[in-house]
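Let's take a walk through a protein model together. Have a look at the fold first, and then we'll go through some of its contacts.

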Amino acid sequence: FILSFSILEDRLTAAMVVCCNAVSDPLPMKNIGKVPSSKREARLRKIGVIDKTLEERLLKAADLRNELTHQMMWNLDVFEEKHINEFKALINEVKKYHRRFLAKSNAS
């Protein structure tokens, strides 16, 4: 569960760095991994990488990660395969949006 969400966070950070550079809006690289989820997703939406629906789904996934991570202190059964499958689907969707955005940016 935690690993799948960490991969999702890594893909979002990579998308943010690469796509911001593609539109000449580079990010300061210091502490790039510490950018909060809400700011990362908002920036990706602002530059046109993701849409509002995906942004909301990503924010819900972050909330779920936080909620279940705290609950696991008392009950490891809170983790379900469906949560990991949702994170995997989001990883694939972020990669698709990222590639599509870069293709459009390179065509311009």
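Start with R57 and E93, whose side chains meet in a salt bridge, with N and O 2.6 Å apart. This pair ties together distant parts of the chain: R57 sits in helix α3 and E93 in helix α4, 36 residues apart. Keep in mind as you look that the model is predicted. How exposed are the two partners? R57 is partly exposed, because its relative accessible area is 27%. E93 has 18% relative accessibility, so E93 counts as buried, given that the cut-off for buried is under 20%.

That's one bridge out of a bigger set, since the structure holds nine salt bridges. Another one joins E9 and R65, where the closest N and O atoms are 3.4 Å apart. Here too, distant parts of the chain are linked: E9 belongs to helix α1 and R65 to helix α3, with their positions 56 residues apart in the count. E9 comes out as partly exposed, because its relative accessibility is 23%. You can also find a whole network of salt bridges, which links R45, K52, E55 and E56.

Now turn to helix α2, which runs over residues 37-46. Which of its residues are buried? They are S37, R40, E41 and L44. These four cover an arc of only 90° around the axis, so they end up on the same side of α2. Swing round to the other side of α2 and you'll find K39 and K46, which are exposed. And what covers those buried residues? The cover includes α1 (residues 2-22) and α3 (residues 52-71).

Two of the buried residues on α2 carry charged groups that pair up: E41 forms a salt bridge with R40, and their closest N and O atoms are 3.6 Å apart. E41 counts as buried because its relative accessibility is 1%. R40 counts as buried as well, because its relative accessibility is 3%. Just after α2 comes G48, and its phi is positive, near 95°.

L44, another buried residue of α2, leads us into the inside of the protein. The largest nonpolar core has 28 residues, and those that touch the most other members are L8, L44, V49, I50 and L58. Where do the core residues come from? α1, α3 and α4 (residues 81-107) each supply at least two of them. The biggest giver is α1, with eight residues. As for L44, leaving out residues up to four places away in sequence, L44 touches L12, A15, M16, V49 and I50.

Last stop: H98, which you'll find in helix α4. Is H98 buried or exposed? H98 is buried, because its relative accessible area is 14%. Setting aside neighbours within four places in sequence, H98 is in contact with A14, A15, V18, C19 and V49. You've met A15 and V49 already, as residues that L44 touches. V49 also turned up among the core residues that touch the most other members.

Definitions and conventions:
Residues are numbered from 1 along each chain as its sequence is written. This is a predicted model: local features need pLDDT of at least 70, side-chain atom pairs count only at pLDDT 80 or more; totals for chains, interfaces and linings use all residues. Side-chain values use heavy atoms; hydrogens and water are left out. Buried means under 20% relative accessible area, exposed over 50%, partly exposed in between (1.4 Å probe, protein chains only). Helices (H or I, at least four residues) and strands (E, at least two) are DSSP runs, numbered from the N terminus. The arc is that of the directions from the helix axis to the C-beta atoms. Contact means heavy atoms within 4.5 Å. A nonpolar core is a set of buried Ala, Val, Leu, Ile, Met, Phe, Trp, Tyr and Cys residues joined through side-chain atoms within 4.5 Å. A salt bridge is a side-chain nitrogen of Lys or Arg within 4 Å of a carboxyl oxygen of Asp or Glu.
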